[in-house]
Structure formats: C-alpha cells, structure tokens
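Trainee: I should like to go through this structure with you, one topic at a time.

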Amino acid sequence: MKMISKLAIACVLAASSLNAVKAQEGHGKIKEVNVEAEGKMPAVRLINNPDGTCSFQKGFIPTLKHANTSTFWTSNKTEEWEKNAHPAPRRQYVVTLKGKIRFKVSDGSTFLIEPGTILLAEDLKGTGHSWEMVHSKSWERLYIPINEGADDLFVAKNN
C-alpha cells in the first residue's frame with residue numbers, strides 16, 4: 001500500500017463506480033470494464049488561455065502511473081456559487097464517483113463529466129468555468145490536489 005498513489009486509488013474507485021452504473025443500465029447484464037487493459041483513463045483538462053478565458057482539452061491519463069499528490073478529500077455537497085463561473089482554486093484532479101455534470105467554458109462550449117472520466121482543473125486565473133448537474137440531484141467526487149510543479153500526467157488527444 002506504501003507505493004500506491006492516491007490517483008491510482010481514485011481511478012480504481014471511479015472504475016468501480018462506472019461498473020456499477022453499467023450494470024444498472026444493462027438491467028442485470030453485467031458489462032465488464034477492463035481499464036488496465038486499455039492503459040488509460042479518459043480525462044478532460046480545463047486550461048487558461050492567454051486572454052484570461054478558459055477552454056478545455058480532451059485526452060487521457062495513463063493508468064498505473066504514480067501522480068505526485070499528497071492528500072485527497074471527498075465531497076457530496078454543492079454551494080450555488082460553485083455553479084457560477086469561477087477559476088479552479090488549485091491544480092487538481094476531480095474524480096466523479098456519482099453524477100453527471102455538464103461543464104461550460106468561456107466560449108460557451110460544453111462537455112460532460114461522469115464516472116469513469118477524470119477532470120483535471122488547471123484554469124487557475126480569469127473567468128474560469130461553470131457547471132450544472134444533468135439528470136442528477138447530487139455530485140459525489142474526490143478532489144486530489146497535484147503537488148506544486150508536478151507533472152499532471154495528462155495526454156491530449158490529437159484532433
């Protein structure tokens with residue numbers, strides 16, 4: 001347990017949650033998700049643009065890579081101000097355990113985050129992002145801050 005990073009634990013929790021959702025959607029027909037065989041977890045990164053706006057990149061985070069983190073916490077509560085445009089308070093992974101969330105960036109573009117997709121919040125300045133729950137009444141998530149100067153492990157998809 002000494003060498004397992006907190007991101008790896010979070011990824012396992014997210015994958016387990018995704019399996020439960022897939023099993024429920026299949027009305028008892030269990031569909032197995034083998035994350036390690038694929039070698040990557042889907043991810044979306046929020047970034048700052050030079051003009052102070054926010055945009056996003058789709059990509060992935062390789063599995064079984066140790067992220068440089070030192071703590072994590074969970075949340076299942078949201079304040080109304082959190083849904084309004086705001087920058088991220090720190091560089092962090094946000095791992096959704098339950099819920100479906102639509103994020104919106106400065107130019108009006110949106111993307112969905114649901115269990116099995118990691119959000120990488122790196123839009124630390126400017127207008128930031130906003131979000132709303134989609135067909136969900138709660139959002140259960142893990143926050144995993146990335147240590148100062150550490151690699152975020154994110155690999156952008158080539159468009």
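The following exchange concerns a predicted model and takes up a pocket, the nonpolar cores and a sheet.

Trainee: Which residues lie nearest the centre of the second largest pocket?

Mentor: This pocket holds about 290 Å³ of space. Its lining comprises 20 residues, which divide into twelve nonpolar, four polar and four charged. Strand E3 (73-75), helix H3 (80-83), strand E4 (92-98), strand E7 (118-121) and strand E9 (140-145) each contribute at least two of them. Nearest the centre lie Glu82, His86, Pro89, Gln92 and Tyr143.

Trainee: Which element supplies the largest share of the largest nonpolar core?

Mentor: The core has 15 residues, and Ile61, Tyr93, Val95 and Ile118 touch the most other members. Strand E1 (40-48), E4, E7 and E9 each supply at least two residues of this core. The largest share, three residues, is that of E4.

Trainee: How many residues are in the other core, apart from this one?

Mentor: Among the members of that other core are Val44, Phe111, Trp131 and Tyr143. Tyr143 is also one of the residues nearest the centre of the second largest pocket. The count for this other core is 14 residues.

Trainee: Which are the edge strands of the open sheet with the order E6-E5-E8?

Mentor: Three strands form this sheet, and their pairing is antiparallel. An edge strand here pairs on one side only. The edge strands are therefore strand E6 (110-113) and strand E8 (130-133).

Trainee: Which residue of E6 stands opposite arginine 102?

Mentor: Strand E5 (residues 101-104) pairs with E6 in the antiparallel sense over four bridges. Opposite arginine 102, in E6, stands leucine 112.

Note on methods: Residues are numbered from 1 along each chain as its sequence is written. This is a predicted model: local features need pLDDT of at least 70, side-chain atom pairs count only at pLDDT 80 or more; totals for chains, interfaces and linings use all residues. Side-chain values use heavy atoms; hydrogens and water are left out. On a 1 Å grid over the protein atoms alone, a cavity is a set of points where a 1.4 Å probe fits but cannot get out, and a pocket is an open set with protein on both sides within 12 Å along at least five of seven lines; lining residues have an atom within 4 Å of a point. Grid points are joined across faces, edges and corners, and a volume is the space filled by probe spheres set on the points. Ala, Val, Leu, Ile, Met, Phe, Trp, Tyr, Cys and Pro count as nonpolar, Asp, Glu, Lys and Arg as charged, and the others, Gly among them, as polar. A nonpolar core is a set of buried Ala, Val, Leu, Ile, Met, Phe, Trp, Tyr and Cys residues joined through side-chain atoms within 4.5 Å. Buried means under 20% relative accessible area, exposed over 50%, partly exposed in between (1.4 Å probe, protein chains only). Two strands pair if DSSP finds at least two bridges between them.
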